[in-house]
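Please read the following account with the sequence and the structure open side by side. It moves from side chains and rings to the whole chain, and then to a strand and a helix.

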Amino acid sequence: MAQLPDTFAELLHQFRVSASLTQEALADRCRLSPDTIAALEQGKRRAPRLSTVSLICDALDLTPAERAAFAGAAAGIAATAVRGDGATTSTEHVWRRKPLPAPLTPLVGRQAEVGQLAHELASERLVTLTGPGGVGKTRLALRVAEQVRDKFEGGTWWVELGPVSDGPAVPAAVLAAIGGAQQPGLAVTAELIFGALPTEPALLVIDNCEHVLDAASDLVAALLQAPSITILTTTREPLAVPGEVVWPVPPLALPEPDTTPSAETLADVHSVQLFAERATRASPAFTVTDETAGAVARICQRLEGIPLAIELTAARVRTLGVHELAEELDAHLALAATRSRGVPGRQATLWASVDWSYQLLTDEERATFRCLACFSGTFSLDAITSVCGQVTGLGQREVSAIFGRLVDKSLVSKEDSRRQVKGPGARPGTAVTEARYRVLDSIRAYATQTAQQESELARIAGAHADYYATWLVMIGAAEPTDEVLELVADDYPNVRSALAWSVQAGALRAAELVAAFGQSWHLLSLFTDAVELGDSALALAAESEPDTWSKAVAALGLSRLLAGDVAFVVGAVPKAAAIAAGRRDAYCEGWCKLVLGSLPPRDQTWFTSAFELGSQARSPSLAAVAAAHASVSGNDEDTDGWLARMDDLASGLSTSVRTTCDIAQIDVLIERGSMDAALDLAMAGTTNPRVMPSLRILGLGRIVNVAFQRRDQDLADLASALMADLARAWPPGGLLSFKLQELRLGLLRGVHPDSAEFLGWSPAMGFQPGGLRTICRNAIDRGERLDPAEVARSAQPPQAGSLLAASISAIYGAWAGIDGDDHAAASHWSATLRAAAEHSYLLLVCDSLEALGRLASLRQPPETAARLLSAAERLRGDIGYRFRFDFEQAAVDETRKLVVAAGEAAAGQGPAIPPRWQDAAELALRTFGPA
């Protein structure tokens, strides 16, 4: 990439011009005001919010490197991490959110309301838009959110509760909408949501609360405890939360009654404007004339200005003139009034409008319409045609044509999206424009009621569940690529709805859905549903379908392990492994053994078996992850072999799986002094929003480790910024935390925290012997003693000759040196050096040479100590290993003084020539090795 300007303003100007866009055109793409773009380019706004930066990046279609520079300039931190060789590594913020929804049609006639609500939000913490379905609450809330976007430095966040089917899922939906991820072992609470939001003032817009009103009310009340959060909600009835400002959304203004309307007198009437705008879309030749003005006025008055009712009616202009439309509407609403008893106020008008549209459908169109009852969020044409085909017996091509007519009649809305499509006719790896569809809650509610009246709701729900169980298998959700994972995430509201219905109906299909979802459970951080819905689904298959039960257990295993559910792992997983082994299901047995091996204390034999089973099942993901675990779980004789096997498998796998493999590689690279390569891999995973948050935390730990070993304050500052960014999506406090990162960053600032608090974190230390060394050496500096073998034993028993065993020996050697037990120190450091030299673990080589140099200065000729110290210093310079703890620095300084004094006393002794580290290691082992 060519050299980029340094400032955000210059970057924005360059990128905009390169895209051949005016400021106005870019503003339109971003849904920002042209004044905002102009102010950013002129440098008048020097610190744009991350939400604004994300919108601009998406609108300009920037490359990852360009996004990195842009985000870095916006955040006021370096957009690149400076490496020891002067090269740079691009970074990109890991906390990202979706932009506000982009309606396909303009908002009509709400200018006054938008201004009034913007004023309310300037002083009130909770504003609730109420009114019947279809009155326009969502569209008004969206426009208000756009209007006040610049007033909230912490961002404006859109939370859609329409696809949420039950109250317990509300907090998770809010967390996901603001870019956060569920933490394993932690329930989604208001506190977790607080942590996922910026500290600056932020606006949450929570849409469609009425069907989960109690849960939404409780969560909103809790969220308002944070003074930086303002909330705008939409619902059919108030939340009844203290401090709530209830703002009833009025219908659109109507023509004056008892007057003779004309095109001129109706021109400024909002309900007429909406009818005309939507009718023109249905029939481009339509206009309101003096001749049609009376009929248009009657239609708007009869529909009481309810936008959805007007839009449904306007769609019929394609087939009827407005005079005929007005007459039919008069007759139908009078008839429907008797069918909509018990529906309050204007809701009866909307219900009657939907009912009118429904009654005008053919029998086949009605049957297709009723199938909409079970769809949540957005869905594909293939999904609706498959479900309807199974329910009605019609062919998919015929159903597709019928469904198209429902779209034409505005009963279904269409959305276009760029996404990977896997299925017949799709080329692998190609992004195509796939139409997605959405049904408004009020229309779906009507479809549900009519399906119940026809006694076919259970059949529709069953077909819906059947489709998604088959679809998950077809796209490969059990072991997804990045593209497949995006498909699964988009359709998860439907998958969850299908799973929840299957559980409620007591259908074995529930366990099949869990099994088909596979590794997507943990890759999408769906820990709460993996526990709650997973257990319910397993209970249905435990006795009658042991094969399906074992597959579902294997699918849930890693998510339950990450959730800290040890009882599930030690109880269900061994049984599932045994069932799978009996049925020769290598895939299921392999994932079970991988999970069992991951429990402390780790045993390499589990991972070796999982690797062999993954190879047998032709599962590169299973085999690669097993190889990654095996490479850090045994002795180091096979480390390179396991890493090579892992690399052979990693290409073509999902980003998160590749990152799992990279973590194992990074630790080896750091220990061997290849810190540039380690930093490149760690940065790539940590800044990639496709990587699951728990792996980003591990990758961030490796970035901090490089900064720590190098004493690189610039890289440490960048890591701190990334950590703050990631903490919003994954607040600390769960199974994985930022403890070791915080310790190392603190040590770089000269702070030596209490090491005891890190003992509870010991299971994760089995993956990183360097972390164990850091914690125990920090304890030594504080005058504390942690037994490294005892700490490590609970996580991963050290094997002779392994890096972990060498690290433990180094800690014992440091203790012995401080205690003055030179014999024990020499023994431990010689053992450490022997293992480190054999496998080129250069950090430990440096530590060993310095420690043995101190011992040599006490009893050996000064040349020996000088050669050892010089080799260590030269090697430190070569690999950029600069950090020493205080007790280590004191020992090195004292040794140098002794060497200098001895050298001056020895006549004719010249300065020692700095040897290669291999030569120094051989000298040390000859000097201190066994007699």
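Arg366 lies over the face of Tyr358, at 5.4 Å from the ring centre, in what is a predicted model. A second arrangement of this kind involves Arg785, whose charged end sits over the ring of Trp815, 5.2 Å from the centre of that ring.

Rings also pair with one another, and the count comes to 20 aromatic pairs, taking as a pair any two rings whose centres lie within 6.5 Å. One of these is formed by Phe883 and Phe885, whose ring centres are 5.2 Å apart and whose planes stand at 85°, so the pair is classed as edge-to-face, the class for planes over 60 degrees apart. Both members of this pair, Phe883 and Phe885, are buried. A pair of aromatic rings is described in general by two quantities, the distance of the centres and the angle of the planes. Elsewhere in the chain, ring pairs link Phe375, Phe379, Phe403 and Tyr437 into a cluster.

For the chain as a whole, the model has 45 helices and 10 strands, and buried residues make up 57% of its 931 residues. If one takes the contacts between residues at least 6 apart in sequence, 72% of them join residues at least 24 apart. The accessible surface comes to about 36700 Å², and 52% of this area belongs to carbon and sulfur atoms.

How far confidence extends along the chain also deserves attention. The average pLDDT is 83, and 85% of the residues score at least 70. Confidence is highest in helix α23 (residues 509–517), at a mean of 96, and lowest in strand β1 (residues 80–82), at a mean of 38. Over residues 76–97 the pLDDT is below 50, although this stretch has 78 contacts in the model beyond near neighbours in sequence. Residues 337–343 likewise stay under 50, and for them the model has 6 contacts beyond four places in sequence. Where pLDDT is low, the predicted coordinates should not be read in detail.

Turning to strand β3 (residues 126–130), 5 of its 5 residues are buried, so this strand is largely enclosed by the rest of the structure. Leu126, Thr128 and Thr130 point one way from β3, whereas Val127 and Leu129 point the other way, and all are buried. This fits the general pattern, in which the side chains of a regular strand alternate between the two faces of the sheet. What are the strands with which β3 pairs? Strand β6 (residues 229–235) runs parallel to β3 and is joined to it by 5 bridges, and within β6 the bridge partner of Leu129 is Thr234. Strand β7 (residues 244–248) also pairs with β3 in the parallel sense, over 5 bridges, with Leu126 standing opposite Glu244 in β7.

A last stop is Val296, which has its place in helix α13 (residues 290–302). Is Val296 buried or exposed? Its relative accessibility is 0%, so Val296 counts as buried, the cut-off being under 20%. Leaving aside neighbours within four places in sequence, Val296 is in contact with Val272, Phe275, Phe286, Val288 and Val322. Val296 and Ala326, which are 30 residues apart in sequence, are 7.5 Å apart in space, C-alpha to C-alpha.

Methods:
Residues are numbered from 1 along each chain as its sequence is written. This is a predicted model: local features need pLDDT of at least 70, side-chain atom pairs count only at pLDDT 80 or more; totals for chains, interfaces and linings use all residues. Side-chain values use heavy atoms; hydrogens and water are left out. Rings of Phe, Tyr and Trp (its six-membered ring) pair if their centres lie within 6.5 Å; planes under 30 degrees apart count as stacked, over 60 as edge-to-face and the rest as tilted. Buried means under 20% relative accessible area, exposed over 50%, partly exposed in between (1.4 Å probe, protein chains only). A charge sits over a ring if NZ of Lys or CZ of Arg is within 6 Å of the ring centre and within 35 degrees of the ring normal. Helices (H or I, at least four residues) and strands (E, at least two) are DSSP runs, numbered from the N terminus. Contact means heavy atoms within 4.5 Å. Accessible areas come from the Shrake-Rupley method with a 1.4 Å probe; for residues, only the protein chains shown count as cover. pLDDT is the predictor's confidence in each residue, from 0 to 100. Two strands pair if DSSP finds at least two bridges between them.
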